[in-house]
Amino acid sequence: MTTQTFSSKDIIVSDNLDLLVNNQQVPTDSMILLVCRAGQLRIEINQMSYDIKENDLLFCMPDFLLGHYMHTPDFQCYILSFTSESLKDIVYSCLSLEAHWFDKLLYLRNHPIIPLTGKRAEVCNAYGQLFGLYAQETNVYQKRIHNVLAQALIYEMISWVDEAMQSEPAVSLSPSGADASSHTMQLFGDFVTLLQQNHECRRSVSWYADKMAISAKYLTYICNQVAQRTPSDFINEIAVREIKRRLTNTNDSIKEIAIDMDFSTASSFCKYFRLHTGMSAQAYRKQMR
């Protein structure tokens, strides 16, 4: 198989794991999907060892730590790596439509290998070919095409995770035990639920902490333990995503959006958006339209 690696600002598409690792082309804040097309791979991720065989999909969450790996001589794969920036608009926009997205995300963290049986393997290989083709394009719609393809693949994966979760009804995916790690995960789930319900008008870490009857410092600790991120990271990303949605899909004025999202003034709203995106709300709306 001819080695091919295509890289853009938002995505890396490759069929050579050795090349990517040796050249350190994949940053650890990316999300990686690796599909084994032939042979076998043993790989260490976050100090856990995984065996991947033909037609297995390996899902690597952001902030992974890649350790030793080895593969058989006939090993073939293709790899899709999405940068942290592209993840904000791709993964969160898909998961936001899911009623139990936290459980699905937790399931993927604990079960990162998805067997691609039958049609699944054909579908995944088709996506790999499409990503490879479009990674070579340089037109103005390239980023949007990549995002649409990635969203479609994420939805496919969500359906596969649904099936896997239904086959394990006895497994509790939302930890609620008495041990410290389970308690931490339960509190993180509570934070996620509050964020989904209030993201349009609440952007204060202390507000969420008060609702959970814990300190802001402890909420920060929880988010760092579970996701290696701060509460503000989650709050701001989801708020900015909502602003982008309204700027793109509605005719609401800047002032109307600012009022609805509880900004004190339109000016403070514009400063907030520019701080987190590097461009003005008006410029973003014009660009997307």
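Visitor: Let me start with one residue: is Leu-133 buried or exposed?

Guide: Leu-133 counts as exposed, because its relative accessibility is 52% and the exposed class begins over 50%. Keep in mind that this is a predicted model.

Visitor: Where is Leu-133 found, and which residues make a nonpolar surface patch with Leu-133?

Guide: Leu-133 belongs to helix α4, which covers residues 119-134. Together with Leu-130 and Tyr-134, Leu-133 makes a nonpolar patch of about 250 Å² on the surface.

Visitor: Let's zoom out. How many helices and strands does the protein have?

Guide: Twelve helices and nine strands. There are 289 residues, and buried ones make up 46% of them. The accessible surface comes to about 15300 Å², with 51% of that belonging to carbon and sulfur atoms.

Visitor: How do I read contacts along the chain, and what percentage join residues at least 24 apart?

Guide: The idea is to ask how far apart in sequence two touching residues sit. Here, taking contacts between residues at least 6 apart, 67% join residues at least 24 apart.

Visitor: What about cysteines? How many disulfides does the structure hold?

Guide: Zero. As for individual cysteines, Cys-124 counts as buried at 2% relative accessibility, and Cys-223 is buried too, with a relative accessible area of 0%.

Visitor: On to charges. How many salt bridges does the structure hold?

Guide: Seven. To read one, look for a Lys or Arg side-chain nitrogen within 4 Å of an Asp or Glu carboxyl oxygen. One of them pairs Glu-163 with Arg-120, and the closest N and O atoms are 2.4 Å apart. That pair links distant parts of the chain: Glu-163 is in helix α5 (residues 142-166) and Arg-120 in helix α4, 43 residues apart.

Visitor: How exposed are the two partners, Glu-163 and Arg-120?

Guide: Glu-163 counts as partly exposed at 45% relative accessibility, whereas Arg-120 counts as buried at 17%.

Visitor: Which residue does Arg-245 meet in a salt bridge?

Guide: Glu-242, with an N to O distance of 2.8 Å. Both residues sit in helix α9 (residues 231-249), and they are separated by about one helical turn because they are three residues apart. Arg-245 counts as partly exposed at 39% relative accessibility, while Glu-242 is buried, with a relative accessible area of 7%.

Visitor: Which residues are linked with Arg-246 in a network of salt bridges?

Guide: Asp-252 and Asp-260. In the pair between Asp-252 and Arg-246, the closest N and O atoms are 2.6 Å apart. Arg-246 counts as buried at 7% relative accessibility, and Asp-252 counts as partly exposed at 23%.

Visitor: Now a buried acid. Where is Asp-56 found, and what does Asp-56 touch?

Guide: Asp-56 is in strand β6, residues 56-60. Asp-56 is buried, because its relative accessible area is 3% and buried means under 20%. Leaving out residues up to four places away in sequence, Asp-56 touches several residues, including Leu-34, Cys-36, Asp-51, Ile-113 and Leu-116.

Visitor: Which backbone nitrogen lies 3.1 Å from a polar atom of the Asp-56 side chain?

Guide: The one of Lys-53.

Visitor: And in the loops, where does Ser-280 lie?

Guide: Ser-280 lies between α11 (266-277) and α12 (281-288). A loop position doesn't settle the burial question, so check the area: Ser-280 is buried, with a relative accessible area of 17%. Leaving out residues up to four places away in sequence, Ser-280 touches Phe-273 and Arg-274.

Visitor: Last topic, backbone angles. What is phi for Ala-213 and for Asp-262?

Guide: Ala-213 has a positive phi of about 60 degrees, although it is not a glycine. Asp-262, another residue other than glycine, has a positive phi near 65 degrees.

Visitor: Where are Ala-213 and Asp-262 placed?

Guide: Ala-213 is in the loop between α7 (205-211) and α8 (216-227), and Ala-213 is exposed, with a relative accessible area of 68%. Asp-262 lies in the loop between α10 (254-260) and α11, and Asp-262 is partly exposed, with a relative accessible area of 47%.

Note on methods
Residues are numbered from 1 along each chain as its sequence is written. This is a predicted model: local features need pLDDT of at least 70, side-chain atom pairs count only at pLDDT 80 or more; totals for chains, interfaces and linings use all residues. Side-chain values use heavy atoms; hydrogens and water are left out. Patches are made of residues with over 30% relative accessible area and no salt bridge: like charges are joined within 9 Å, nonpolar side chains (Val, Leu, Ile, Met, Phe, Trp, Tyr) within 5 Å. Accessible areas come from the Shrake-Rupley method with a 1.4 Å probe; for residues, only the protein chains shown count as cover. Helices (H or I, at least four residues) and strands (E, at least two) are DSSP runs, numbered from the N terminus. Buried means under 20% relative accessible area, exposed over 50%, partly exposed in between (1.4 Å probe, protein chains only). Contact means heavy atoms within 4.5 Å. A disulfide is a pair of cysteine sulfur atoms within 2.5 Å. A polar contact is a pair of N or O atoms within 3.5 Å; within protein, one must be able to donate a hydrogen and the other to accept it, and residues adjacent in sequence count only if both atoms are side-chain atoms.
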